[in-house]
Amino acid sequence: AWDGDEGRSGLVGYSVPPDAPLSVGPYNGSLYTSTSLDYEAQQVHYVVVTATDGGRPPLSATATVTLMVGDVSDEPPIFPQVGDVPPIFPQRESTYCHNPMGDPSPPWRKMGDPRGGK
């Protein structure tokens, strides 16, 4: 904002409401975020900026700033709690063993395996 008055009356100060997500440079009007903005919580903020001159009495004007928050990837993937997932069972192997000699003994018995083999 600018003021056409001379001297102290022409000086302009800036302010925003205390609960605004922005702060303003009191003498230059530059806007800064004063808190983290979250797209998932609120996509658009409307902030009224007030410009007040140094005259007696002081005069003021307002402008509404529309702040549009962009969505960024700020949430990591989350695995569900252990109780929320169905149990995982080991895959069972389906084994068919053909013995061309016709011997009904399992192969491990022939190799001297301690599970009951020779």
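## Strand pairing and nonpolar core

Strand β1 (residues 12-15) and strand β4 (residues 44-53) run antiparallel and are joined by four bridges. The structure is a predicted model. Within this pairing, S15 of β1 lies opposite T50 in β4, and Y14 has A51 in β4 as its bridge partner.

On its way to the next strand, the chain leaves β4 through a hairpin of six residues that leads into β5. Strand β5 (residues 60-68) pairs with β4 over nine bridges, again in the antiparallel sense. One of the facing pairs here is Y46 with T66 in β5.

The table lists the two pairings.

| Strands | Residues | Sense | Bridges |
|---|---|---|---|
| β1 and β4 | 12-15 and 44-53 | antiparallel | four bridges |
| β4 and β5 | 44-53 and 60-68 | antiparallel | nine bridges |

Taken together, the three strands make an open sheet with antiparallel pairing, in the order β1-β4-β5. Strands β1 and β5 are the edge strands, each pairing on one side only. From one strand to the next, the twist averages 25 degrees.

The side chains of β1 alternate between two faces. V12 and Y14 point to one face and are buried, whereas G13 and S15 point to the other and are not buried. The unburied S15 is the residue that stands opposite T50, while the buried Y14 is the bridge partner of A51.

Both buried residues of β1 belong to the largest nonpolar core. This core has nine residues: V12, Y14, V16, A20, L22, V24, V47, V49 and A51. The elements β1, β2 (22-24) and β4 each give two or more residues to the core. Strand β4 supplies the largest share, three residues. The bridge partners Y14 and A51 are thus both members of the core.

A20 is also a member of the core. Setting aside neighbours within four places in sequence, A20 is in contact with S34 and V47. Of these two partners, V47 is listed in the core and S34 is not.

In summary, β4 pairs with β1 over four bridges and with β5 over nine bridges, and β4 also gives the core its largest share of residues.

Methods
Residues are numbered from 1 along each chain as its sequence is written. This is a predicted model: local features need pLDDT of at least 70, side-chain atom pairs count only at pLDDT 80 or more; totals for chains, interfaces and linings use all residues. Side-chain values use heavy atoms; hydrogens and water are left out. Two strands pair if DSSP finds at least two bridges between them. A nonpolar core is a set of buried Ala, Val, Leu, Ile, Met, Phe, Trp, Tyr and Cys residues joined through side-chain atoms within 4.5 Å. Buried means under 20% relative accessible area, exposed over 50%, partly exposed in between (1.4 Å probe, protein chains only). Contact means heavy atoms within 4.5 Å. Axes are lines fitted to C-alpha atoms, for helices over the stretch in contact, and angles run from 0 to 180 degrees between N-to-C directions.
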